[in-house]
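Open the model in your viewer and keep the selection tool ready. The tour starts at a cavity and moves on to salt bridges.

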Amino acid sequence: MKNILFTIGCLCIFQLSFGKIYKVKTAEEFNKVAVSVLAGDEIVIANGSYSSWATVINSSGTLDKPIIIRAESLGKVIFSGEVRQAVFQITGTYIQIKGLKFEDCQLLKTKGADVVLIQMNAAKYCRITDCIFTKNTVDAQFMPIVVVSGQSEHNRVDHCQFTGNVNNQEVQVRVAANDVSLYTLIDHNVFMNKDSVIWKGNNGGECVQIGQDPILLGNRYSYATVRDNRFIHCNGEPEVISNKSSGNRYINNYFENCHGELVLRGGHECLIDSNTFAGGTGGIRVNGTGHTITNNTLKDLPIAIRLMYGMAKGKIDTGFYIAASDCVIKNNQIAHCDTGILIGGSKNADWTGKFDTKRYPSRTIQDVAPFNNQLDNNNITDTKTPVLQ
């Protein structure tokens, strides 16, 4: 009898330690389970093809016992078809989505709704991992497929594949006037084979975008980290990665034959370190103040690093572009480029009539030269013009 009671006790402890496992096949089943899951529970989505899902989970896991939403088999739970609201919206803490595939989804802009595949909204310590996003399309400009938004903190997108998506932004971290998503980690993902968008101005096809309004909100500090990702044949638009907020880090990413650059479009005090650029149309483009650009390898490019003119300078002035200033460009390896470092890109560019000067009270001529930038110990070889200014 003692042995039987001991065995039953062990089984109870085992179940409490690992939580319950719920298997679902419909959005209705998912939503019903989602309101009752506890830390350590799993929601397993049965293998198969799905469409017209709209789910919300606002539950709380813990560091040791996250709530896990996963495919029955990796890559065999496939979502496709028309999307008119978030397929998965996560608003809780310590929730993981794992192993899902989104293929041939058509995201259709809908008034009053965030039309995305996965959104972490005011979520904390949540994670999207081992998911596949391929050949998904949108019907309007500036629509992302994965979003971190609201007062989110410490969320992660990792080990996912983004391949062949059309006319969209893949991963967007939102920075609003009152809601800043903090400490997002985007790591060990593959972004691949993205064609140029069809939208006006060839704009709205970034693989990663951190912030959306560099003119009025570029001073917001989001402290995102984008590291150890691979960007291959990413030709969506001129900005493969678009930084539009402050205090972010871009570390050890690999870019191969991309028609675009890693662009500090706005914001200040960002770090670009130990990235590799192999071929393509450009390397690193810099506006803003106090950036550190170190230990990067750039080869076979028209221009490796560009320090840009602006309409204003510093952190206080408002300008459609802020001149590159007080940046450290150090210990970079540049080879086989036409120009190694350009000090003074877009000199005297005229933006008259190209943006709303009431919304953005800025002069329209890009005539403030880069200043107070430190170039030190950069190794530039087999390059036609090592430094141009």
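A cavity is a set of points on a 1 Å grid over the protein atoms alone where a 1.4 Å probe fits but cannot get out. Its volume is the space filled by probe spheres set on the points, which are joined across faces, edges and corners.

This is a predicted model: local features need pLDDT of at least 70, side-chain atom pairs count only at pLDDT 80 or more, and totals for chains, interfaces and linings use all residues. Residues are numbered from 1 along each chain as its sequence is written, and side-chain values use heavy atoms, without hydrogens and water.

**Stop one: the cavity.** The structure holds one cavity of 30 Å³ or more. Its volume is about 40 Å³. Select Phe255, Cys258, Gly260, Phe277, Gly279, Gly282 and Leu301, which line the largest cavity (an atom within 4 Å of a point).

**Stop two: a long-range salt bridge.** The structure holds 18 salt bridges (a side-chain nitrogen of Lys or Arg within 4 Å of a carboxyl oxygen of Asp or Glu). Select arginine 306 and glutamate 261: their side chains meet at 2.8 Å, N to O. The two residues are 45 apart in the chain, in strand 32 and strand 26 (strands are DSSP runs of E, at least two residues, numbered from the N terminus). Arginine 306 is buried (under 20% relative accessible area, 1.4 Å probe, protein chains only), at 19%. Glutamate 261 is buried too, at 6%.

**Stop three: a network.** Now select Arg127, Arg156, Asp158 and Asp187. Salt bridges that share partners join these four into one network.

Terms used. 1 Å grid on protein atoms, 1.4 Å probe; cavity = no way out; pocket = protein on both sides within 12 Å on 5 of 7 lines; lining within 4 Å. Helix = DSSP H or I, 4+ residues; strand = E, 2+ residues; numbered from the N terminus. Buried < 20%, exposed > 50% of the residue type's maximum accessible area, 1.4 Å probe, protein only.
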